[in-house]
Amino acid sequence: RRDYRDFQSIYSSEGTGTSTLHSMLLTVERRLVRGFAFKFNYTLQKSLDDAPQTASAQHQNVVRNPLGIPNMYGASDFDRTHRVVANFIWQIPAPFGGQPVAKAILGGWELTGIATLQTGSPFNVSSSGDQSRSSGRTPHYADYIGGCNATARPSGVEPRLAWFNKACFQDAAIGTFGNLGRNRMRGPGFK
C-alpha cells in the first residue's frame with residue numbers, strides 16, 4: 001500500500017519529536033565515621049518519547065504511519081522505572097596493635113561493595129512480515145488480543161525463557177501497523 005504509486009519510497013528528515021522525563025532521587029549517605037561509610041540511591045523515573053534513540057536506531061526513526069504518528073509515544077528505550085544503587089566502604093581494623101610486623105601485613109585493608117538493582121527495559125512486540133504493505137522499513141507492531149493478561153507467565157515455563165504471555169499477541173491485520181504501540185512491554189530487571 002503506497003500513497004504515491006510512482007515512488008518506491010519517500011525519505012523525509014525533520015527535527016521533530018516529543019519527550020518527557022519525570023524523576024525523583026532519594027539519597028541516604030553516611031560519610032566515613034569510625035572506618036565505615038555507605039551511600040544508597042533510589043531513583044523513581046518515567047521517561048516517555050516518540051523518537052526511539054538506541055544504538056541500532058539512532059537517527060533512523062521511521063515514521064510508522066504516513067497519515068500520523070499514533071502509538072509511537074511510549075516509554076523511552078532507556079527508561080527504567082525503579083533503580084537502586086548502593087555502595088559501602090569498611091576500613092577493617094588492624095589487629096595486633098603492638099606488633100608492627102603483623103600490623104604492616106594485616107593492617108590497612110578495606111572491604112568495598114556496590115550493588116545495582118533496576119527494573120527491566122521496555123521492548124516492542126513486533127508483527128512478522130510487512131503486514132501494512134508499506135515496503136517493510138516502518139516498524140510493525142503486533143495486535144494485542146483484548147482481555148488477555150500479557151504479563152502473566154505461562155505455567156510450566158522457566159521465567160528466564162518467557163517474560164510475558166505470547167498467546168496474547170498475534171500478527172497485525174493485513175493493511176495495518178498493529179494496535180499495540182511502541183515499548184508496551186518490559187523485560188526482566190537487572191540484579
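## A tour of the salt bridges

Begin by selecting D79 and R186, which form a salt bridge in which the closest N and O atoms are 2.2 Å apart. This pair joins distant parts of the chain, since D79 sits in the loop between β3 and β4 while R186 belongs to strand β9, 107 residues away. Colour the two residues by accessibility in this predicted model, and they part company: D79 is buried, with a relative accessible area of 0%, whereas R186 is partly exposed, with a relative accessible area of 26%.

Next, select R182 together with D49, and you will find a salt bridge whose closest N and O atoms lie 2.7 Å apart. D49 is part of strand β2 (residues 36–49) and R182 of the loop between β8 (169–170) and β9 (185–186), so this contact ties together parts of the chain that are 133 residues apart in sequence. Both D49 and R182 are buried.

Keep R182 selected and add D77, with which R182 forms a salt bridge that has its closest N and O atoms 3.6 Å apart. Here too the link is between distant parts of the chain, with D77 in the loop between β3 (74–75) and β4 (82–91) and R182 in the loop between β8 and β9, 105 residues apart. D77 and R182 are both buried.

Finally, show D49, D77 and R182 at once, because side chains of opposite charge can pair when their charged atoms come close. These three residues, D49, D77 and R182, are linked in a network of salt bridges, and a search of the whole structure finds 3 salt bridges.

Conventions
Residues numbered from 1 in each chain as written. Predicted model: local features only at pLDDT ≥ 70, side-chain atom pairs only at ≥ 80, totals over all residues. Heavy atoms only, no water. Salt bridge = Lys/Arg side-chain N within 4 Å of Asp/Glu carboxyl O. Helix = DSSP H or I, 4+ residues; strand = E, 2+ residues; numbered from the N terminus. Buried < 20%, exposed > 50% of the residue type's maximum accessible area, 1.4 Å probe, protein only.
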